[in-house]
Amino acid sequence: MSELLSEAEARDAADGLAGLRDRFVLDGAVYLDGNSLGALPAHVPARMEDVIRRQWGELRIRSWTEGGWWTAPERVGDRIAPLVGAAAGQTVVGDSTSVNVFKALVAAVRMAREDGGGRDEILVDAATFPTDGYIAASAARLTDCRLRPVAPAEVPSALGGRTAAVLLNHVDYRTGRLHDLPALTAAAHAAGAYTVWDLCHSAGALPVGLDAHGVDLAVGCTYKYLNGGPGSPAFLYVRRDLQDRFDSPLPGWNSHAEPFGMRPGYEPAEGAVRGRVGTPDILSLLALEAALEVWDGVSVAAVRAKSLALTDFFLRCVGEYVPAGRVESVTPEAHAERGSQVALRCPSDAGGVMRRLIGRGVVGDHRAPDILRFGFTPLYVGFADAERAARVLAEVVG
């Protein structure tokens, strides 16, 4: 047995979060793709059987009231809120990340224009996940703004009197780089601009501190580190003191002050409900609500500590096992700059390498042209998993 494997087994034995693994449906593979799709919490199928057979099959329409379907978007939002550092009443769940980015970004521009000063510019992360860029470009056209792609580190110097809104990713989806949310939010506010943060790769993986850092608006998906299931609905955060100014570009009947009044004129509801649009996807929403129970008794701080330990250990194992020159880490070494994934540049057929890894029971993913991504979900990934993944990688590329 290698020294690294012995160390991994000892660290797993001492890990206070190791017991959480039993809350998930897992097999013998090393699953390092939770940054794309989280594993299935073991209790969700039985919960969904109740939703389908009893709530839908027996109660039917009565479940909107008796089953709590109507209030689920805010209730599940309040369940997510402490995982991203938000107080209750500011987060609503529904729609996709793309739709919520659109709502938040247009609303941010509208608020900036209410403040005056002729603001007509949107800054967007130049390396953003593609959908954010597409949405930002459309929002810029619709609001007659100029779109300026900039690197997050360059945002403070790019801000100016014309900047209305800034759309940034908390963690870069390719490299795993963690951007400085507190400092960038403060810089935007100093320039009179509003922030929209995409938390898809940080919610459920590390502390975010939305309230503490004065973030204006934030969105995030729930099928990665929150384990909500494929296509589970996204969330939208609107800071409490901005809610009465949140002017959604998609004013649907679910966000109306009197949704069953059926009046032709739109009057927005109070609070986070303004972020709703149409009828919520109840099956996915209630699957997510059930999945979030795996967080009962779990602190985000403990998850973050294990995440950093896991990624440190994996990088050590890669350094020990993988022949020099085969791969190169593009994930920052500094903890303050690292999310919960490791991205390795593999110049020789990265896609083929990942396919062979998956065939050997190590599941990560590949991002063109040459990036191997390994997501570390501390709720169910252990140190022996990290050691095995690095050892198999060495065999595949050696």
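These are legends for a set of close-up views of a predicted model.

**View 1. An open sheet of 4 strands, in the order β11-β12-β15-β14.**
The pairing in this sheet is antiparallel. Which strands sit at the edges? They are β11 (328–329) and β14 (365–367), and each of them pairs on one side only. Let's go across the sheet, one pair of strands at a time. β11 and β12 run antiparallel and are joined by 2 bridges, and here you can find S329 opposite L344 of β12. Next, β12 and β15 pair in the antiparallel sense over 5 bridges, with R345 standing opposite I371 of β15. Last come β14 and β15, antiparallel again, with 3 bridges between them. In that pair, D365 has R373 of β15 as its bridge partner.

**View 2. Helix α10 (residues 350–359) packs on the sheet.**
Look for the places where helix α10 touches β14 and β15. The direction of α10 makes about 35 degrees with that of β15. While you're here, check out strand β12 (residues 341–345) as well. How many of the residues of β12 are buried? The count is 4 of 5, so strand β12 is mostly covered.

**View 3. A cis peptide bond between A368 and P369.**
Omega for this bond is about 0 degrees. That's worth a pause, as most peptide bonds are trans. Where is P369? You'll find P369 in the loop between β14 and β15.

**View 4. Helix α8 (residues 282–291) is largely enclosed by the rest of the structure.**
Why can we say that helix α8 is enclosed? Because 7 of its 10 residues are buried. Those buried residues are I282, L285, L286, A287, L288, A290 and A291. What do they pack against? Their neighbours are β3 (40–41), α2 (44–59), α3 (72–80) and β4 (91–93).

**View 5. W70 and W253 form an aromatic pair.**
The structure holds 11 aromatic pairs. In the pair of W70 and W253, the rings are 5.5 Å apart, centre to centre, and with 55 degrees between the planes the pair is tilted. W70 lies in the loop between α2 and α3, while W253 lies in the loop between β10 (235–238) and α8, so this pair ties together parts that are 183 residues apart in sequence. Is W253 buried or exposed? Something in the middle: W253 is partly exposed, because its relative accessible area is 33%. Zoom out a bit and you'll see a cluster, in which ring pairs link W64, W69, W70, W253 and F260. W70 has another partner too: the charged end of R276 sits over the ring of W70, 4.9 Å from the ring centre.

**View 6. F314 and F374 form another tilted aromatic pair.**
Here the ring centres are 5.3 Å apart, and the angle between the planes is 55 degrees. F314 belongs to helix α9 and F374 to strand β15 (residues 371–375), so the pair ties together parts that are 60 residues apart in sequence. Are these two rings' residues buried or exposed? F314 counts as buried because its relative accessibility is 0%, and F374 counts as buried because its relative accessibility is 0%.

**View 7. S307 is buried in the structure.**
S307 has its place in helix α9 (residues 300–321). Its relative accessible area is 0%, and that's why S307 is called buried. Which residues does S307 touch, leaving out those up to four places away in sequence? The list is A205, G339, S340 and P378.

**View 8. N227 and M262 have positive phi values.**
Most residues other than glycine have a negative phi, so keep that in mind for this view. Phi of N227 is near 60 degrees, and phi of M262 is near 55 degrees. N227 is found in the loop between β9 (217–220) and β10, whereas M262 lies in the loop between β10 and α8. Which of the words buried and exposed fits each one? N227 counts as buried because its relative accessibility is 2%. M262 is exposed, because its relative accessible area is 60%.

Methods: Residues numbered from 1 in each chain as written. Predicted model: local features only at pLDDT ≥ 70, side-chain atom pairs only at ≥ 80, totals over all residues. Heavy atoms only, no water. Buried < 20%, exposed > 50% of the residue type's maximum accessible area, 1.4 Å probe, protein only. Contact = heavy atoms within 4.5 Å. Phe/Tyr/Trp six-rings, centres within 6.5 Å; stacked < 30°, edge-to-face > 60°. Lys NZ or Arg CZ within 6 Å of the ring centre and 35° of its normal. Pairing = 2+ DSSP bridges. Axes fitted to C-alpha atoms, helices over the stretch in contact; angles between N-to-C directions.
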